[in-house]
Amino acid sequence: MITPEEYSLLLTDEVQRAIAAARGRDPLEVAMDRAVPHARIVATQVKYLARAARKLPSYAAAQCILPPLAFEQASSEACAAHKRIAGDSVLDLTCGLGVDAYFLSRRFRRVVTLERNEMLARVAAENFSRLGAANIEVVNTSAEEYLQRDGLCFDWVYADPDRRSAEGRKLVRLEDCSPDIIALKPRIDRISGRLCVKNSPLFDVDEALRLFPDSRVEVLSLGDECKEVLIYADGSGPSVTATALGCGSFSANPGQTVPLPGPFDPARYRWLVAPDVALQKARLARLHLSGRADMWSENGYGFAAEEPQGVLGRVFAVESIEPYDPKRLKRELKGCGAEVLKRDFPLAAEELMRRLGLHPGADLRLAFTKIGNDFWVIRFK
């Protein structure tokens, strides 16, 4: 965390000019440059502003202050901008760097955001000023203390609980995170009938519905990487949604399913679908592909005779589907450069490449999977 002394230096015109002049340079080179005032502090900001260009482009453009740990734990702007809540007022229980609060300020007239760390609260307030977000109030207090105050009323309450223990261990159970949203739920209900909770990408969808039975649960992915599991506890559920940012969404009722396809006949199929990870996490892949591709497992691939349209995931033209025979494949493929995909297969892609004598390259693309008790390799055109 930035110390009070470092924070004061970061507010000076001298250091801000030095940061602006050094952007684009190697941070290590900046740290060693005796002509740069307070070079170590400047180099750290140059490093994280460069990283923010992708993750937090608004923060990078405004040359915001970026404490390293807060930056690592912050939502990306793409995810923060997606939250499906809006209204007159919102209470954000967990400010941190303030990325979620900043994007909430675009959909609410008034945002109150809580940060128990005094220095981080000061950093967030300064950044909001640089971003031109005048409708955000930063309160330096804990959620537990603030929720005891009288006369509170908000359209929504938002929370992104801290998922690290005091020892730095990752936490998944909502009750173990800070603040404990389950313990605070009665107080939250008194000030708002609507709660949005951001959870770890490891958080289980069924657990979300167990804790909040009438909620909408949304699994959010970006670039086929699961980013977060959102709970919208506003009484409008139950439902489950898989959203691949930039690609689309698919929703269903909990427990909704489709029958398994018949026996796998590799000669039938000319296309393979790798469902987006959001569909897999939400356990909606088979339902989403129903009528467009056959799929035997939520964690596997979909297979189609005709090219499927409008699916959330990648679609590959199939050259051949054959039983997995490692000895024969090694004799045939050893030394080739390959892209290897795998789902529902007991070996990691790196181990498959090692066993088959492959190296990373573009000579061929292969997928490995298990259907029933049989293992298969799929070659793409």
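**A tour of three sites**

A search of the whole structure, which is a predicted model, finds one cavity of 30 Å³ or more. Its volume is about 40 Å³.

To see the walls of this cavity, select Trp296, Ser297, Gly300, Tyr301, Phe303, Thr369, Lys370 and Ile371. By type, the lining holds four nonpolar residues, three polar ones and one charged one. Strand β15 gives the most to the lining, with three residues.

Next, select helix α16, residues 349–356. Ala349, Leu352, Met353 and Leu356 are its buried residues. Why do they lie on the same side of α16? They cover an arc of only 100° around the axis, which puts them there. In general, an α-helix has 3.6 residues a turn, so residues three or four places apart point the same way.

Now add the elements that the buried residues of α16 pack against: α15 (326–333), β13 (337–343), β14 (359–360) and β15 (364–371). Turn to the face of α16 that points away from the buried side, and the exposed residues Glu350 and Arg354 come into view. Just after the helix, pick Gly357, where phi is positive, at about 70°.

Last, go to Ser215, in the loop between α12 (205–211) and β6 (216–222). Is Ser215 buried or exposed? Ser215 is buried, because its relative accessible area is 0%. Show its side chain, which reaches the backbone oxygen of Phe212 at 2.7 Å. Then display what Ser215 touches, leaving aside residues up to four places away in sequence: Ala208, Leu209, Ile231, Tyr232, Ala233, Gly237, Pro238 and Ser239.

Methods:
Residues are numbered from 1 along each chain as its sequence is written. This is a predicted model: local features need pLDDT of at least 70, side-chain atom pairs count only at pLDDT 80 or more; totals for chains, interfaces and linings use all residues. Side-chain values use heavy atoms; hydrogens and water are left out. Helices (H or I, at least four residues) and strands (E, at least two) are DSSP runs, numbered from the N terminus. Buried means under 20% relative accessible area, exposed over 50%, partly exposed in between (1.4 Å probe, protein chains only). A polar contact is a pair of N or O atoms within 3.5 Å; within protein, one must be able to donate a hydrogen and the other to accept it, and residues adjacent in sequence count only if both atoms are side-chain atoms. Contact means heavy atoms within 4.5 Å. The arc is that of the directions from the helix axis to the C-beta atoms. On a 1 Å grid over the protein atoms alone, a cavity is a set of points where a 1.4 Å probe fits but cannot get out, and a pocket is an open set with protein on both sides within 12 Å along at least five of seven lines; lining residues have an atom within 4 Å of a point. Grid points are joined across faces, edges and corners, and a volume is the space filled by probe spheres set on the points. Ala, Val, Leu, Ile, Met, Phe, Trp, Tyr, Cys and Pro count as nonpolar, Asp, Glu, Lys and Arg as charged, and the others, Gly among them, as polar.
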